[in-house]
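Reader: I should like to examine how the descriptive terms applied to this model are justified. Please take me through the reasoning.

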Amino acid sequence: INGETFTARAPMAEAFSDLRGDMEPIIWKVGGDDLRRRTRIENAIRPAVYDSIADQVQKDIGTIAGFDVKVETEQDKQGAPRMEVTLWKGGKVVASQDTYVLDSSKAPASVVRSVGRMLDNMRDDASYLQFQLQRAEKERDDLAKTEDTGAWPDAGKLEAARLKHKEVLAR
């Protein structure tokens, strides 16, 4: 597998799983390595996430789907650690999600889940906006096909009724 020969089943199964990835496709680039399994991703980002929690600073933890992933932890008013996970593109924040750190050992898994939710939400939003655009274009085309009706034949009667109404209101 990938040019490596295995003589035992367990290491070969592990290498195959690393190559194939998780059931839901995911590829993170962390420290120059492409990782396809969530457990490997969590282990790779663990030091940066722990440093962010301990030092309360922003840390770059990797990239996914062309987005830079950063995590920053700070204390809320009650002193509970709150972690903000952000996706960056071109130096701008594209999406962010906050989560409380109840158990620091589970924080890397929480970061991976948060990023997954943000990517899913962005895909859903793009799909919805695409649908709305298609609908608006269809309505625009339908409106362009309607004929101009011209002047209303009873416009004089309407103006006369409006004048009478104004006279009544003035009294």
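Author: Two strands are said to pair if DSSP finds at least two bridges between them. The model discussed here is predicted. In it, K59 has V71 in β4 as its bridge partner.

Reader: What makes β3 and β4 a pair?

Author: Six bridges join β3 to β4 (residues 67–75), and the two run antiparallel. The criterion is at least two bridges, so β3 and β4 pair. They also form a hairpin with two residues between them, and A65 in the turn has a positive phi of about 55°.

Reader: How do you know that β1 and β3 pair?

Author: Strand β1 (residues 28–30) and strand β3 (residues 58–64) are joined in the antiparallel sense over two bridges. The criterion asks for at least two, and therefore β1 and β3 qualify as a pair. W28, for instance, has I64 in β3 as its bridge partner.

Reader: Why is the chain not described as a compact globule?

Author: The globule rule, 2.2 Å times the number of residues to the power 0.38, gives a radius of gyration near 16 Å for 171 residues. The chain has 29 Å, so its value does not match that of a compact globule. Along its principal axes, the C-alpha trace spans about 95 × 45 × 25 Å.

Reader: What share of the residues is called buried, and on what ground?

Author: A residue is buried if its relative accessible area is under 20%. Buried residues make up 26% of the 171 residues in the chain. The accessible surface of the chain comes to about 12400 Å², of which 52% belongs to carbon and sulfur atoms.

Terms used. Residues numbered from 1 in each chain as written. Predicted model: local features only at pLDDT ≥ 70, side-chain atom pairs only at ≥ 80, totals over all residues. Heavy atoms only, no water. Buried < 20%, exposed > 50% of the residue type's maximum accessible area, 1.4 Å probe, protein only. Areas by Shrake-Rupley, 256 points an atom, 1.4 Å probe, with all protein chains shown as cover. Helix = DSSP H or I, 4+ residues; strand = E, 2+ residues; numbered from the N terminus.
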